[in-house]
Amino acid sequence: MSQIDDLPPLRDVIERHGLSALKSLGQNFLLDLNLTARIARAAGNLAGRTVVEVGPGPGGLTRAILAAGAAKVHVIERDRRAIAALEEIGSYYPGRLHIIEGDALEVDSAALGDEPPVIMANLPYNIATPLLTGWLSPASWPPRWTAMVLMFQKEVADRITAAAGDDAYGRLGVLCGWRSYATEMFDISPKAFVPPPKVTSTVVHFAPRPEPLPCDQADLEAVTAAAFGQRRKMLRQSLKALGVDPAALCAAAGVEPTARAETIPVKGFVDIANAWKAMR
């Protein structure tokens, strides 16, 4: 294991602070500092940058981010037991770590700090998708965050990065593809975690698209909900849920009414959403 600082090993920190992973919080701690350093590197050069980390737990990734030179790291941690361990890291890196005890779903992560942040997280599986969709859905775009490096279950990561024609392609892939460039970086074995989850994890890098195709997000979400709600049916059937003539809608959008949702690229769904808005 790489020695990135002179702080105690993470296993010792966990034992000393009684940080047994809680299933209710979706906790799986990543103790290999080689891997936490690799995750930090996936964000690019962090020197002098502001980082927001969600769910730091005992602080393995936090330490890697600080060791990589981040000027300010804001961590959001719901588990009160972890605060003392994080404070020890803050003492080792004075003035650079800001600890927020709270629920990440209730904190505006992108608004933290004076500089637009990089968002990083080993996300608890039970809140990963809601957090991601929130970060992809601000009213104004581009967003305040400059990049995101997030860890998901591999199945979710595949859905995020899927394109038309892929088995995993669906509503999440359309939203992520519309507003970001999402790239799978590398997988992490369950054996790297304590306790080990039942599935492989995948680190995903997100870069915001500077100019997504013009579209109302609510319309896009409604269209993809209808289309993928009956994904094996042709659009002329699945789009009936939108309350307009599906054939006319497809004609206005320039897509084939006999196509199925899984074959329609992001631009096609944007065209359908814009056409639907014009017809209502």
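The largest pocket in this predicted model is lined by 35 residues, and Gln27, Gly55, Pro56, Asn122 and Pro124 are the ones nearest its centre. It holds about 470 Å³ of space. If you want to trace its walls, look at strand S1 (29-30), H2, strand S2 (50-54), H3, strand S3 (72-77) and strand S5 (118-122), since each of these supplies at least two residues of the lining. The chemistry there is mixed: 18 of the lining residues are nonpolar, 12 are polar and five are charged.

Two of those pocket elements, H2 and H3, also pack against each other, so let's go there next. Helix H2 covers residues 33-41 and helix H3 covers residues 60-67; their axes come within 8 Å and cross at roughly 55°. That angle makes H2 oblique to H3, and the crossing is right-handed. On the H2 side the contact is made by Leu33, Thr36, Ala37, Ile39 and Ala40, while H3 brings Gly60, Leu61, Arg63, Ala64 and Ile65. Sorted by class, that gives seven nonpolar residues, two polar and one charged.

Keep Arg63 in view, because it turns up again in the lining of the largest cavity. How many cavities of 30 Å³ or more does a search of the whole structure find? Just one, with about 50 Å³ of space inside. Along with Arg63, the lining consists of Leu7, Pro8, Val13, Pro58, Ala85, Glu88 and Ile89. Helix H4 (residues 83-92) gives the largest share of that lining, with three residues. Six of the lining residues are nonpolar, none is polar and two are charged.

Further along the chain, a couple of prolines deserve a look. Most peptide bonds are trans. Here, though, tryptophan 141 and proline 142 are joined by a cis peptide bond, with omega about 5°. Proline 142 sits in the loop between helix H5 (128-135) and strand S6 (147-153). The bond from valine 194 to proline 195 is cis too, with omega near -10°, and proline 195 is placed in the loop between strand S8 (193-194) and strand S9 (201-208).

Finally, swing round to helix H11 (residues 266-279), which packs against both H7 and H10. Take H7 to begin with. This helix spans residues 171-179, and its axis lies 9 Å from that of H11 at an angle of about 95°. Angles of 65 to 115 degrees count as roughly perpendicular, so that is how H7 and H11 are described. Val174, Gly177 and Trp178 in H7 meet Val266, Phe269 and Val270 in H11. Five of the contact residues are nonpolar, one is polar and none is charged.

The other partner is helix H10 (residues 246-253), whose axis is 8 Å from that of H11, at an angle of about 120°. H10 and H11 are therefore oblique to each other, and their crossing is right-handed. Here H10 uses Ala248, Leu249, Ala252 and Ala253, and H11 answers with Asp271, Ile272, Ala275, Trp276 and Met279. Which classes make up this contact? Eight of the residues are nonpolar, none is polar and one is charged.

How values were computed. Residues numbered from 1 in each chain as written. Predicted model: local features only at pLDDT ≥ 70, side-chain atom pairs only at ≥ 80, totals over all residues. Heavy atoms only, no water. Axes fitted to C-alpha atoms, helices over the stretch in contact; angles between N-to-C directions. Helix = DSSP H or I, 4+ residues; strand = E, 2+ residues; numbered from the N terminus. Parallel < 35°, antiparallel > 145°, perpendicular 65-115°, else oblique. Left-handed = near helix turned anticlockwise from the far one by under 90°. Contact = heavy atoms within 4.5 Å. Nonpolar A, V, L, I, M, F, W, Y, C, P; charged D, E, K, R; others polar. 1 Å grid on protein atoms, 1.4 Å probe; cavity = no way out; pocket = protein on both sides within 12 Å on 5 of 7 lines; lining within 4 Å. Points joined across faces, edges and corners; volume = space filled by probe spheres on them.
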